[in-house]
Amino acid sequence: MQDSFDLTTLIFLALAVFVIWRLRSVLGQKTGAERSPFKPADRSRTDSPTARGDGDNVVRLPGSDRAQAPAERGQTAVKTEVRDWRGIAEPGSAIAQGLESVVQVESNFDPRAFVEGAKSAYEAIVIAFAKGDRKTLRSLLSREVCEGFEREIDAREARRETVETTFVSLDKAEIVAVDVKNRVAQITVRFLSHLITATRNAQGEVTDGSAEAVVEVPDVWTFARTLGTRDPNWQLVATEAGA
């Protein structure tokens, strides 16, 4: 009985040694150089072809392929940003290039927000001109343009005329030109609005326009601002009737 027990024990011990040897040959031995599965790979080691081995068994984190691709090809990594000007300018157009020039000086410039601001300024200026509101005009216009507007208001008041203007809709506001010189940006916007406008004489009679008819009014206005300054306001520096 004792001999049978010893023989059985020896057989199991031999099997145990064999299994342990096979496991070590298949799984390998712990060397202390393994990465924790919860930490990113140490790229100072894994970026080396000799560290990866011919089979490239490194498990990369999401996005690491894109980040490492230039280095793996022997190229210099260059950070480029493709801005989305859809709805504002065609890619590669003169307008897009002009907007890029503005962004190079002021990275937070948003052309869509600019267009919305230009629409508000357009309506405010048209209404202020009709009312003869010089204070509002002076805050929104350049000195030269404001002087021209004020001359018109002065002449109108001398004739004792009044202007009534009602906005029906502002249908379009699109950037048609951008120019940057010596940090001064000029952005030209084409507006298309529908207004009811009438000029009345001292007796209240309509002498120009109509108090009821809606008319389509195209305008092309240019706004300017010195980039990189604390003053965020754009001023109207030129106006012309649109086609």
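**Exercise 1. The surroundings of α8**

Task: Find which elements the buried residues of α8 pack against, and work out how these residues are arranged around the helix.

Solution:
- Step 1. In this predicted model, the buried residues of α8 pack against α6, α7 (134-140), β1 and β5 (235-241).
- Step 2. Now list the residues concerned: V145, C146, F149, E150, I153 and R156 are buried in α8.
- Step 3. Look down the axis. These residues cover an arc of only 130 degrees, which puts them on the same side of α8.
- Step 4. A general rule helps here. An α-helix has 3.6 residues a turn, so residues three or four places apart point the same way.
- Step 5. Turn to the face of α8 directed away from the buried side: the exposed residues R143, R151 and A158 are found there.
- Step 6. Finally, check the span. α8 has 16 residues and reaches 22 Å from first C-alpha to last, close to the expected 22 Å.

**Exercise 2. A second helix, α5**

Task: Describe the buried and exposed sides of α5, and say which elements its buried residues pack against.

Solution:
- Step 1. Start with the span: α5 covers residues 94-105, and its 12 residues reach 17 Å between the first and last C-alpha, close to the 16 Å expected.
- Step 2. Collect the buried residues of α5, namely I95, A96, G98, L99, V102 and V103.
- Step 3. Seen down the axis of α5, they fall within an arc of 160 degrees, so they line one face of the helix.
- Step 4. On the other side of α5 you will find A94, Q97 and Q104, which are exposed.
- Step 5. As for partners, the buried residues of α5 pack against α6 (111-131), β1 and β2.

**Exercise 3. Two positive phi angles**

Task: For R160 and N182, state where each residue lies and whether it is buried or exposed.

Solution:
- Step 1. Begin with R160, which is not a glycine and yet has a positive phi of about 60 degrees.
- Step 2. R160 comes after α8, in the loop between α8 (143-158) and β1 (162-181).
- Step 3. The cut-off for an exposed residue is over 50% relative accessible area. R160 has 60%, so R160 counts as exposed.
- Step 4. Next comes N182, another residue other than glycine, with a positive phi near 50 degrees.
- Step 5. N182 sits in the loop between β1 and β2 (184-200).
- Step 6. With a relative accessible area of 75%, N182 is exposed.

**Exercise 4. Salt bridges**

Task: How many salt bridges does the structure hold, and which parts of the chain does the pair R225 and E106 link?

Solution:
- Step 1. The structure holds 10 salt bridges.
- Step 2. In one of them, the side chains of R225 and E106 meet at 2.9 Å, N to O.
- Step 3. Place the partners: R225 belongs to strand β4 (residues 215-226), while E106 is in the loop between α5 and α6. They are 119 residues apart, so the pair links distant parts of the chain.
- Step 4. Both R225 and E106 are buried.
- Step 5. Another salt bridge joins E144 and R143 at 3.4 Å, N to O. Here R143 is exposed, with a relative accessible area of 57%.
- Step 6. E161 and R159 also form a salt bridge, at 3.0 Å, N to O. E161 counts as buried at 18% relative accessibility, whereas R159 counts as partly exposed at 48%.
- Step 7. Then there is a network: R134, D154 and E157 are joined by salt bridges that share partners.

**Exercise 5. The whole protein and its confidence**

Task: Summarise the fold pattern, and find where the pLDDT is below 50.

Solution:
- Step 1. Count the elements: the protein has eight helices and five strands.
- Step 2. Put them in sequence order, and the pattern reads α-α-α-α-α-α-α-α-β-β-β-β-β.
- Step 3. Of the 243 residues in the protein, 27% are buried.
- Step 4. The exposed area is about 17,000 Å², and carbon and sulfur atoms supply 53% of it.
- Step 5. Now for confidence: the average pLDDT is 76, and 65% of the residues score at least 70.
- Step 6. Over residues 21-80 the pLDDT is below 50, and this stretch has 29 contacts in the model beyond near neighbours in sequence.
- Step 7. Keep a general caution in mind: where pLDDT is low, the predicted coordinates should not be read in detail.

Conventions. Residues are numbered from 1 along each chain as its sequence is written. This is a predicted model: local features need pLDDT of at least 70, side-chain atom pairs count only at pLDDT 80 or more; totals for chains, interfaces and linings use all residues. Side-chain values use heavy atoms; hydrogens and water are left out. Helices (H or I, at least four residues) and strands (E, at least two) are DSSP runs, numbered from the N terminus. Buried means under 20% relative accessible area, exposed over 50%, partly exposed in between (1.4 Å probe, protein chains only). The expected span of a helix is 1.5 Å times one less than its number of residues. The arc is that of the directions from the helix axis to the C-beta atoms. Contact means heavy atoms within 4.5 Å. pLDDT is the predictor's confidence in each residue, from 0 to 100. Accessible areas come from the Shrake-Rupley method with a 1.4 Å probe; for residues, only the protein chains shown count as cover. A salt bridge is a side-chain nitrogen of Lys or Arg within 4 Å of a carboxyl oxygen of Asp or Glu.
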